[in-house]
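This report describes side-chain contacts, burial and internal space in one protein model. The sequence and the structure are shown first, and the description follows.

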Amino acid sequence: YLVLIQLFLGNSCRFIAKPCAINLGIQDSGPHRAQPNAILEKVFTSITKYPDGRRLEGLSKQLDWDVRKVQRWFRHRRNQDKPTTLTKFCESMWRFTFYLSIFFYGIRFLWTAPWFWDTRQCWYNYPFQPLTSRLYYYYILELAFYWSLMFSQFTDIKRKDFLIMFVHHLATIGLITFSYMNNMVRVGTLVLCLHDASDFLLEAAKLANYAKYQRLCDAFFMLFGVVFIVTRLGIYPFWILNTTLFESWELIGPYPSWWLFNGLLVTLQLLHIIWSYLIIRTASKALVRGKVSKDDRSDVESSSEEEDVTSNSTKGIFSTSSNGSNRLNGHVAGGQWAGE
């Protein structure tokens with residue numbers, strides 16, 4: 001299934017996402033490129049990508065450049081390795097397709113499931129609960145998808161929330177595997193469906209942003225923020241954690257893996273709180289500025305050093321259109337969503 005997910009990724013990017021991006025006028029162009037310089041390139045590739053003050057001073061004297069010019073060169077050089085807007089659009093397109101498809105599949109499947117309406121049904125007759133084919137495929141597809149995210153995280157851009165996302169993927173994979181092995185798939189399906197409810201909205205915001213539909217992007221992001229906070233800070237603790245912490249204890253007692261299972265679920269809740277804070281901070285900036293501001297996970301660097309560039313010089317690496325969910329991994333800047 002992991003191979004199928006990767007094939008789906010490649011084909012969707014090649015035959016669906018890329019033509020859509022081209023029709024929307026998205027070009028295969030990346031951030032501002034650093035001017036060729038053999039000395040700085042050697043330092044960048046062989047010594048460090050983030051030179052300290054002493055090294056910057058030395059390079060400044062060696063090249064007869066201003067220190068800030070050397071700093072800008074290293075910043076541009078780091079950013080030029082980032083993926084283009086077209087590449088990021090394709091990535092968001094296939095994630096949007098998967099999240100939307102798996103969410104509606106989960107809703108359609110769970111709508112007729114008794115434990116969707118009464119969480120106590122998750123523990124009746126446990127562990128002797130049948131594993132239907134639809135439930136099996138739902139679980140395996142989700143597990144394969146998160147494994148693909150785990151592997152791709154090391155090859156994608158290293159964002160500010162790399163560690164948080166790594167912990168999230170570990171906890172998610174551990175929960176899916178653990179609940180499947182212990183036949184806790186009923187409550188597991190509730191957790192999966194709840195998490196998928198907001199993810200496709202975030203990817204939709206990114207797509208709108210890459211296509212330069214700023215108002216649509218802002219609307220999707222605000223909707224994403226509302227759904228995320230309602231599901232992760234409201235429904236999740238009062239619906240999911242309530243049944244795993246209290247109803248399970250009442251109906252089947254403190255089973256041996258109770259502490260590990262609930263420990264992983266509580267870890268997810270802590271991550272939800274961190275991401276909710278970032279979303280609220282981004283939304284508050286959007287209300288002040290009139291549009292979604294800067295994504296706190298952005299992988300493209302900015303700096304106040306750009307302020308020394310005069311009006312007759314280049315506009316800097318952010319002179320292109322907005323990029324990203326204008327995220328949240330995921331996990332938000334009008335004009336600076338380059339991280340997504």
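In this model, which is predicted, the structure holds 23 aromatic pairs. One of them joins phenylalanine 103 and phenylalanine 104, whose ring centres lie 5.5 Å apart with their planes at 65°, and because planes over 60 degrees apart count as edge-to-face, this pair falls into that class. Phenylalanine 103 has a relative accessibility of 13% and therefore counts as buried, the limit being under 20%. Another aromatic pair, formed by tryptophan 111 and phenylalanine 116, is tilted, with 6.1 Å from centre to centre and 45° between the planes. Phenylalanine 116, at 16% relative accessibility, is also classed as buried.

Aromatic residues also come together in a group, since Trp94, Phe98, Tyr99, Phe145 and Tyr146 form one aromatic cluster. A contact of another kind involves tryptophan 65, over the face of which lysine 69 lies, at 4.4 Å from the ring centre.

**Salt bridges**

How many salt bridges does a search of the whole structure find? The search returns three, and they are set out below with the distance between nitrogen and oxygen.

| Acidic residue | Basic residue | N to O distance |
|---|---|---|
| Glutamate 250 | Arginine 120 | 3.2 Å |
| Aspartate 199 | Arginine 232 | 3.5 Å |
| Glutamate 203 | Lysine 206 | 3.3 Å |

The bridge between glutamate 250 and arginine 120 links distant parts of the chain, 130 residues apart, with glutamate 250 placed in helix α10 (residues 214–252) and arginine 120 in the loop between α6 (114–117) and α7 (133–152). Glutamate 250 is exposed, at 53% relative accessibility, whereas arginine 120 is partly exposed, with a relative accessible area of 23%.

The salt bridge of aspartate 199 with arginine 232 has its closest N and O atoms 3.5 Å apart. Because aspartate 199 belongs to helix α9 (residues 185–210) and arginine 232 to helix α10, this pair ties together parts that are 33 residues apart in sequence. Aspartate 199 and arginine 232 are both buried.

Glutamate 203 and lysine 206, by contrast, both sit in helix α9, three residues apart, which is about one turn of the helix. Glutamate 203 and lysine 206 are likewise both buried.

**Cysteines**

With a cut-off of 2.5 Å between cysteine sulfur atoms, the count of disulfides comes to zero. Cysteine 122 is buried, at 2% relative accessibility, and cysteine 193 is buried as well, with a relative accessible area of 5%.

**The second largest cavity**

Rolling a probe the size of a water molecule over the atoms shows where empty space is left. The second largest cavity holds about 150 Å³ of space. It is lined by 14 residues, of which Leu175, Ile176, Gly188, Val191 and Leu192 are the closest to its centre. Which elements give two or more residues to the lining of the second largest cavity? They are α7, α8 (162–181), α9 and α11 (258–289). Among these elements, α8 supplies the largest share of the lining, with five residues.

Helix α9 thus recurs in this description: it holds aspartate 199, which is paired with arginine 232 of helix α10, it contains both glutamate 203 and lysine 206, and it gives two or more residues to the lining of the second largest cavity.

Notes. Residues numbered from 1 in each chain as written. Predicted model: local features only at pLDDT ≥ 70, side-chain atom pairs only at ≥ 80, totals over all residues. Heavy atoms only, no water. Buried < 20%, exposed > 50% of the residue type's maximum accessible area, 1.4 Å probe, protein only. Phe/Tyr/Trp six-rings, centres within 6.5 Å; stacked < 30°, edge-to-face > 60°. Lys NZ or Arg CZ within 6 Å of the ring centre and 35° of its normal. Salt bridge = Lys/Arg side-chain N within 4 Å of Asp/Glu carboxyl O. Helix = DSSP H or I, 4+ residues; strand = E, 2+ residues; numbered from the N terminus. 1 Å grid on protein atoms, 1.4 Å probe; cavity = no way out; pocket = protein on both sides within 12 Å on 5 of 7 lines; lining within 4 Å. Points joined across faces, edges and corners; volume = space filled by probe spheres on them.
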